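Thanks for sharing this one with me. Below are my notes, point by point, for you to read alongside the coordinates.

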Amino acid sequence: MTSLIQTLSSVRHRPGRTFLTAIGTALGIATIVALLAVGAGAQRSAGEFFHLGASDIGLFQKDASDPTTSVLPTSMIKQLERVPGVASATAFVLLVEDVPHNPGVVVFGSTPRNFQVDRMVFSAGHMYTDRKEAVIGNGTAKQLHLGVGDTLTVKHRKLRIVGIYHIGVAYEDTGAFIPLHVAQSIAGRQGEATTIPVALKVGTRPSQAKKAIKRRFPGVTVLTDSDESIRLGANGDLVSKAALVIAVLALVIGGIGVMNTELMAVIERRSEFALLSAVGWSGRQIAWRVLVEGVVTTFIGAAIGLLLGVIGAHYLVKILGASEFVSPHITAWALGRALLIGVLIGVLGGLYPAWRAAHVSPARVLAQH
Amino acid sequence: MAGARVVAAHVSRRYGRALVLDDVSFEIAPGELVALSGRSGSGKTTLLQLLGSLDKPTSGTIRVDDIEVEHLAAPAQFRRDVVGFVFQLHYLLPSLSAQQNIELPLVAAHVGRAERTQRSRALLEEVGLADRARALPADLSGGERQRIAVARALAGRPRLILADEPTGALDSSAAANVWKLLTDVRDNHGATVIVASHDQALAEHTDRALHIVDGRLVGPADTDERARVIA
């Protein structure tokens with residue numbers, strides 16, 4: 001305890017070096033936190049995207065390189081509804097990057113009545129009844145400054161906005177719905193859907209239904225839970241992997257940075273360690289002191305980094321232009337991991353300097369002075 | 001607390017080709033205050049470092065009581081339990097208060113907080129700096145720092161005090177205070193004290209002197225010779 005208090009005094013006594021070391025660690029940790037938060041947010045959004053909110057199961061074409069390139073025949077819907085446990089199924093065509101100047105708006109082609117769109121709460125207007133009409137989410141309305149009576153252009157097709165809805169799913173609230181046939185026409189996929197969301201009968205286990213559907217339609221991928229959605233959500237996965245790479249890099253680069261700073265400190269403070277050795281401190285006690293100093297400094301850095309990371313994550317999605325459909329998801333586990341990495345940086349970076357400090361020759365150093 | 005008996009037998013120390021100490025032998029009785037005099041570079045500091053296990057002799061033996069210093073498995077423990085060092089530069093840690101600096105050997109020895117506080121305060125009292133317990137070294141005068149360094153050397157209740165030019169960086173008034181302290185250490189604590197010094201006042205304070213010339217012991221000598229060696 002006393003050793004720790006003395007170590008803290010030592011850290012406080014060198015504010016410049018402590019600050020620079022801490023800030024180096026903080027930047028590394030902030031990057032990790034921001035990437036983990038954005039990655040988790042992207043994964044969560046991907047989960048919502050593939051489940052499309054209310055469905056229990058989502059069907060995609062097997063081995064589709066990107067979910068939006070999935071192609072399924074709408075004729076399978078009737079057969080699907082005959083599978084035991086399936087209550088209802090509907091077709092969705094997804095149009096991505098088809099709203100000029102607003103690539104983030106996802107357009108859903110859907111029939112005007114199904115278990116998905118029935119959940120829409122209209123704050124203005126109503127559901128479309130004509131092939132030249134569209135409804136937009138309240139997020140889209142706010143973002144594009146559109147209202148009922150305005151025109152939404154989807155790949156050169158002009159549609160009159162007849163309703164503004166809120167459904168509670170980020171992708172859908174920042175998107176738009178248009179008639180299924182119109183979407184099929186725009187995509188050049190008459191009689192086809194991108195995905196088929198399925199609602200199950202009450203009491204049916206998703207895993208049971210999944211088995212039955214796969215048996216009946218071997219060419220489809222059946223997603224039953226968010227993990228599987230995440231597996232298919234390549235972007236979220238990519239961000240997570242990037243976060244892992246950054247974490248490893250932060251460990252290595254941060255560790256080297258801390259080691260370099262601590263090593264300089266040990267060289268500067270050789271007479272201090274020589275004195276400690278002369279008054280009876282063992283090599284292990286001196287090494288421990290240096291190691292604790294490193295960990296305390298990087299812990300301070302990690303704490304600052306957590307704060308910067310949380311703030312940075314929100315700016316990151318804005319800079320990436322993804323704030324409409326990805327909101328950073330900051331979990332205790334992500335923060336804990338980042339903190340752990342900070343402490344690991346301190347330990348790894350402090351090992352060699354600690355060893356050097358423990359082996360300072362008091363005879364040589366004290367004689368030099 | 002009894003002082004330590006120090007016996008050096010045929011001690012030599014070589015650094016590469018340079019023979020810094022050459023066949024030095026002497027015996028110091030418990031409780032003696034002995035001066036180690038000689039010109040700069042004569043080998044005084046090296047001899048103190050060998051006695052305090054900061055270094056090892058190339059040949060010869062050193063015994064402090066029944067401890068063979070050159071064969072220590074844990075020299076840090078020996079320094080902690082048996083020896084107290086005072087250097088020409090005080091070597092106080094700048095981030096620690098005067099009291100915390102005194103406690104450093106006790107922290108190494110895992111002495112409990114209450115006892116550490118009690119011992120360090122008693123020592124602060126003894127060196128006349130009770131009111132400076134919380135002061136940082138930067139806020140102390142040169143003489144005060146050296147008194148704190150003496151207190152630190154006494155904190156572990158050592159049997160042997162090794163002081164290397166303890167007054168070398170002090171003015172005459174502060175140096176007189178330090179000499180008084182070292183004499184008190186011998187008188188009140190019973191410790192054996194070996195002081196390497198150029199100080200002209202050496203003769204007034206020590207029981208006897210060991211004179212080193214070019215790494216060889218040439219004493220004991222009379223006052224005239226001592227004065228010549230110091231000059």
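1. Just after helix H1 of chain B, B:Ser53 takes a positive phi of about 65 degrees. Helices here are DSSP runs of H or I with at least four residues, strands are runs of E with at least two, and both are numbered from the N terminus. Please keep in mind that this is a predicted model, in which local features need pLDDT of at least 70, side-chain atom pairs count only at pLDDT 80 or more, and totals for chains, interfaces and linings use all residues. Residues are numbered from 1 along each chain as its sequence is written, while chains are lettered from A and ligands numbered from 1 in the order in which they are written.

2. The helix before that serine, H1(B), spans residues 44–51 and is mostly covered, with eight of its eight residues buried. Buried means that 20 or more other C-beta atoms lie within 10 Å of the residue's own, against 12 or fewer for exposed and partly exposed in between, with C-beta atoms placed from the backbone. Among the buried residues of H1(B) are B:Lys44, B:Gln49 and B:Leu51.

3. Chain B also has an open sheet of four strands, ordered S2-S1-S4-S5 with antiparallel pairing. Strands S2 (18–28) and S5 (67–68) of chain B stand at the edges with a single partner strand each, so one side of each has no neighbour in the sheet. Two strands pair if DSSP finds at least two bridges between them; S1(B) (residues 6–15) and S2(B) have seven, in the antiparallel sense. One of the matched pairs is B:Ala8 with B:Phe26 in S2(B).

4. In chain A, look at strand S9 (residues 157–166). S6(A) (residues 121–125) runs antiparallel to S9(A) and is joined to it by four bridges, and A:Ala124 has A:Ile164 as its bridge partner. S7(A) (residues 133–137) pairs with S9(A) in the parallel sense over five bridges, where A:Gly137 stands opposite A:Tyr165.

5. S8(A) (residues 151–154) pairs with S9(A) too, antiparallel over four bridges, and A:Thr151 is partnered by A:Arg160. These two strands form a hairpin with two residues between them, and A:Lys155 in the turn has a positive phi of about 45 degrees.

6. How do helices H11 (283–319) and H12 (332–358) of chain A cross? Their axes come within 7 Å and cross at roughly 150 degrees, which makes H11(A) roughly antiparallel to H12(A). Axes are lines fitted to C-alpha atoms, for helices over the stretch in contact, and angles run from 0 to 180 degrees between N-to-C directions; those over 145 count as roughly antiparallel, under 35 as roughly parallel, 65 to 115 as roughly perpendicular and the rest as oblique. The residues of this contact divide into 19 nonpolar, 11 polar and one charged. Nonpolar covers Ala, Val, Leu, Ile, Met, Phe, Trp, Tyr, Cys and Pro, charged covers Asp, Glu, Lys and Arg, and the others, Gly among them, count as polar.

7. A:Gly301 sits in H11(A) and counts as buried because it has 28 C-beta neighbours inside 10 Å. Its C-alpha atom is separated by 9.8 Å from that of A:Gly346, 45 residues apart along the chain. Leaving aside neighbours within four places in sequence, its contacts (C-beta atoms, placed from the backbone, within 7 Å) include A:Thr21, A:Ile29 and A:Gly342.

Technical notes:
Two residues are in contact if their C-beta atoms, placed from the backbone, lie within 7 Å.
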